[in-house]
Amino acid sequence: MAKMRRIDIAIEALIFADCPADPPMPAPTDAQVAEAEAALGAKLPPSYLEFMQRCGFHALPDWSTHWVGGDELLFANIVEANQTARQDPDAPLPDYFVAFQDNGEGDLYCFDTRLPNSDGEYPVILFDTTRSTQANLKDPNPVAKTFADWLCEEVRQWG
């Protein structure tokens with residue numbers, strides 16, 4: 001029997017929780033992914049792309065997930081969300097952090113694209129918008145080794 005990948009475990013748990021996304025979001029096309037990556041200046045991690053391919057009809061409560069091609073309130077467009085965060089006058093998001101989710105309090109879960117692993121995955125950090133960018137860079141808040149690990153923990157906490 002093949003060992004399950006972390007992203008499979010997280011997605012199966014999310015689907016089992018049966019919390020529908022409203023509105024559901026379609027999986028992004030290859031062209032939308034390429035356009036978003038070009039605008040963001042970084043490749044998106046494979047586990048995040050797989051999440052978007054498989055989970056457009058499922059969400060956890062209180063999520064504000066940034067979606068490739070998203071244009072609804074629940075699923076903000078990842079490019080627009082990052083452009084806005086990078087222009088914040090008090091704590092601009094550095095270009096090498098790619099925000100993929102707002103925690104509901106204005107803080108951003110981000111991929112740290114400076115540190116890819118051999119699978120193209122990035123560590124996840126929490127960018128605290130109440131702190132200056134310099135403070136976030138000097139003392140970053142790592143929360144998971146990969147998006148799949150982060151998603152597993154989010155599902156576990158919710159479930």
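Partly exposed describes a residue whose relative accessible area lies between the buried limit of under 20% and the exposed limit of over 50%. Arg6, at 42% relative accessibility, is therefore partly exposed. The legends below refer to a predicted model.

**Figure 1. Overall view of the predicted model, with its helices and strands.** The protein has six helices and six strands. Along the sequence these elements follow the pattern α-α-α-β-β-α-β-β-β-α-β-α. The radius of gyration is 15 Å, close to the 15 Å given by the globule rule for 159 residues, so the protein is as compact as a globular protein of that length. Along the principal axes, the C-alpha atoms fill a box of roughly 45 × 30 × 30 Å. Among contacts with a separation of 6 or more, 55% come from residues 24 or more positions apart.

**Figure 2. Surface and charges of the protein.** The protein exposes about 8,500 Å², and carbon and sulfur atoms supply 53% of this area. Of its 159 residues, 48% count as buried. The protein carries 11 positive and 26 negative charges, and the mean positions of the two sets are 10 Å apart. Side chains of opposite charge can pair when their charged atoms come close. The structure holds nine salt bridges, and Figures 3 to 5 show some of them.

**Figure 3. Salt bridge between Arg5 and Glu50.** The closest N and O atoms of Arg5 and Glu50 are 2.6 Å apart. Arg5 lies in the segment before helix H1 (6–17) and Glu50 in helix H3 (residues 46–54), so the pair ties together parts that are 45 residues apart in sequence. The two partners fall into separate accessibility classes: Arg5 is partly exposed, with a relative accessible area of 41%, whereas Glu50 counts as buried at 18%.

**Figure 4. Salt bridge between Arg6 and Asp149.** The side chains of Arg6 and Asp149 meet at an N to O distance of 2.9 Å. Asp149 belongs to helix H6 (residues 147–158) and Arg6 to helix H1, so this salt bridge ties together parts that are 143 residues apart in sequence. Arg6 counts as partly exposed, at 42% relative accessibility.

**Figure 5. Salt bridge within helix H6, and a salt-bridge network.** Glu153 and Arg156 form a salt bridge in which the closest N and O atoms are 2.5 Å apart. Both residues are in helix H6, three residues apart, and are separated by about one helical turn. Glu153 is partly exposed, with a relative accessible area of 30%, while Arg156 counts as exposed at 55%. Elsewhere, Arg5, Asp8, Glu50 and Arg54 are joined into one network by salt bridges that share partners.

**Figure 6. Surroundings of Pro94.** Pro94 sits in the loop between helix H4 (78–86) and strand S3 (97–102). At 12% relative accessibility, Pro94 counts as buried, because the class covers residues under 20%. Leaving aside residues up to four places away in sequence, Pro94 touches Arg86, Phe127, Thr133 and Leu137. From C-alpha to C-alpha, Pro94 and Asn82 are 9.5 Å apart in space, with a sequence separation of twelve residues.

How values were computed:
Residues numbered from 1 in each chain as written. Predicted model: local features only at pLDDT ≥ 70, side-chain atom pairs only at ≥ 80, totals over all residues. Heavy atoms only, no water. Salt bridge = Lys/Arg side-chain N within 4 Å of Asp/Glu carboxyl O. Helix = DSSP H or I, 4+ residues; strand = E, 2+ residues; numbered from the N terminus. Buried < 20%, exposed > 50% of the residue type's maximum accessible area, 1.4 Å probe, protein only. Rg over C-alpha atoms; globule rule 2.2 N^0.38 Å. Contact = heavy atoms within 4.5 Å. Areas by Shrake-Rupley, 256 points an atom, 1.4 Å probe, with all protein chains shown as cover. Lys, Arg positive; Asp, Glu negative; His and termini not counted. Charge placed at Lys NZ, Arg CZ, Asp CG, Glu CD.
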